[in-house]
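Colleague: I should be grateful for a close look at the internal cavities of this predicted model, with attention to what lines them. Please set them in the context of the surrounding fold afterwards.

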Amino acid sequence: MTITETNKKILDFNYQLAAQDEAFPTLQVLANDGSVVDEAALERTGLTDDQLVELMKHMLFSRELDIRSTKLAKQGRFGFFAPTAGQEASQMASAFAFNDEDWLFPGYRDIPEIIMKGWPVWKAILWSRGHVQGNVMTTDDGKDVHSWFPQIIIGAQYVEATGVALGLKKRQKDAVAYAYTGDGGTSQGDFYEAMNFAAAYQANAVFIAQNNGFAISTPRDFQTAAKHLAAKGWAAGIPSVVVDGNDAIAVYLAAKEARQWAASGNGPVLIETLTDRLEPHSTAGDDPLRYRTKDDIDAWWQKDPLLRMRHFLTQRGIWNEELETAYIAEVNAHIDDQIKRADGVEKQKISDFLKNTLEVPSQVMQEQIATFESEGK
């Protein structure tokens with residue numbers, strides 16, 4: 001008596017591993033040279049030429065902010081900073097698909113996405129320095145920026161996003177909560193718990209896992225046996241896709257469709273973006289050459305999302321070197337102004353830290369505050 005083909009496959013564990021690997025093809029619209037590999041997908045984005053230029057500017061802004069922030073950190077004028085070079089398409093193109101009413105839940109590497117929502121650069125600088133004004137999520141004219149502060153605890157922003165996503169659903173809002181984490185974040189308990197809860201209640205959430213290859217210094221292959229991080233979304237029962245994270249058009253398309261699905265009350269979506277962190281994990285002494293090779297880094301620089309987008313827009317006739325040079329100069333002038341503004345904010349005193357610890361300070365804290373204030377501290 002022979003076992004049926006179906007049961008044979010069920011019990012063939014090698015087949016299961018191979019099937020997992022084949023279950024997630026990578027969404028791509030632009031080839032590495034900027035040529036279009038799927039015209040219908042490009043058309044499906046609905047992006048106009050003006051919007052494409054605007055997206056390119058957001059990506060360039062992110063790169064220039066990365067360059068300037070790294071320099072400031074080396075000068076001791078910046079606090080904590082996590083470089084973003086190489087992830088401009090993954091971050092800015094996905095964020096471009098959401099609107100002002102959507103709620104952003106960023107990790108510490110996702111400062112550019114908050115700035116895209118209107119958060120001033122000077123507040124981002126103060127956040128890096130640990131200043132209380134760096135946690136005030138408003139625009140310069142006092143409007144609320146629908147964003148949580150950058151989360152330092154790995155993956156915790158997914159849980160926070162799920163709570164807001166459920167609230168949006170219960171209020172029948174045409175809005176979503178969207179959260180970012182890295183590949184390392186997908187190994188955290190919060191990651192699974194958030195997706196499971198969001199799926200069970202069909203909350204309005206879009207989860208973005210930026211697979212940049214390394215969780216601080218741990219290669220992705222060392223931290224999980226999952227063939228694709230997107231498979232972890234299937235485990236929670238939600239649609240999950242893998243996207244070429246250096247292809248801004250593909251990333252935008254995936255995020256746009258995920259937002260539409262989630263905002264319509266269908267439940268959450270997980271997007272895995274395949275990209276790379278071209279620089280250290282942070283400016284706090286990390287040396288990437290201790291856990292990866294220079295050849296590997298150089299190879300990824302050849303896939304720089306800015307190069308791909310630049311080639312695409314140039315071939316389309318809506319971008320050139322002169323426009324880019326002028327815009328970069330404009331960005332740096334703006335950053336110069338924002339640095340001066342951040343530097344001009346009054347430094348915090350010990351008494352300020354105590355005042356901000358609890359809404360109602362204890363009796364002991366009140367005495368400490370009075371003592372430090374009398375000493376001008």
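Modeller: The lining of the largest cavity comprises 11 nonpolar residues, two polar ones and no charged ones. The space in this cavity amounts to about 100 Å³. Its lining has 13 residues, of which S69, F78, F81, I111 and A124 are the closest to the cavity centre. Two helices, α4 (49–74) and α7 (121–128), each provide at least two residues of this lining. Helix α7 is the greatest contributor to the lining of the largest cavity, with five residues.

The structure holds two cavities of 30 Å³ or more, and the second largest has a volume of about 50 Å³. The residues that line the second largest cavity are S62, L65, D66, F81, A82, T84, Y108, R109, I111 and P112. Two elements, α4 and α6 (111–116), give two or more residues to this lining. Here α4 gives the most, with three residues. By class, the lining of the second largest cavity divides into six nonpolar, two polar and two charged residues. F81 and I111 are named among the residues closest to the centre of the largest cavity, and F81 and I111 also line the second largest cavity.

As to the surrounding fold, helix α5 (residues 88–95) is mostly covered, with eight of its eight residues buried. Those buried residues of α5 are E88, A89, S90, Q91, M92, A93, S94 and A95.

The sheet may be taken next. Six strands form an open sheet with parallel pairing, in the order β1-β7-β8-β4-β3-β2. Because β1 (26–27) and β2 (103–105) stand at the edges with a single partner strand each, one side of each has no neighbour in the sheet. Strand β1 runs parallel to β7 (residues 240–244), and two bridges join them. Within this pair, T26 stands opposite V242 in β7.

Two helices that pack on the sheet complete the description. Helix α8 (residues 156–170) touches β2, β3 (177–182), β4 (205–211) and β8 (269–274), and the direction of α8 makes about 165° with that of β3. Helix α12 (residues 248–266) also packs on the sheet, where it touches β1, β4, β7 and β8; the direction of α12 makes about 170° with that of β8.

Key:
Residues numbered from 1 in each chain as written. Predicted model: local features only at pLDDT ≥ 70, side-chain atom pairs only at ≥ 80, totals over all residues. Heavy atoms only, no water. Buried < 20%, exposed > 50% of the residue type's maximum accessible area, 1.4 Å probe, protein only. Helix = DSSP H or I, 4+ residues; strand = E, 2+ residues; numbered from the N terminus. Pairing = 2+ DSSP bridges. Contact = heavy atoms within 4.5 Å. Axes fitted to C-alpha atoms, helices over the stretch in contact; angles between N-to-C directions. 1 Å grid on protein atoms, 1.4 Å probe; cavity = no way out; pocket = protein on both sides within 12 Å on 5 of 7 lines; lining within 4 Å. Points joined across faces, edges and corners; volume = space filled by probe spheres on them. Nonpolar A, V, L, I, M, F, W, Y, C, P; charged D, E, K, R; others polar.
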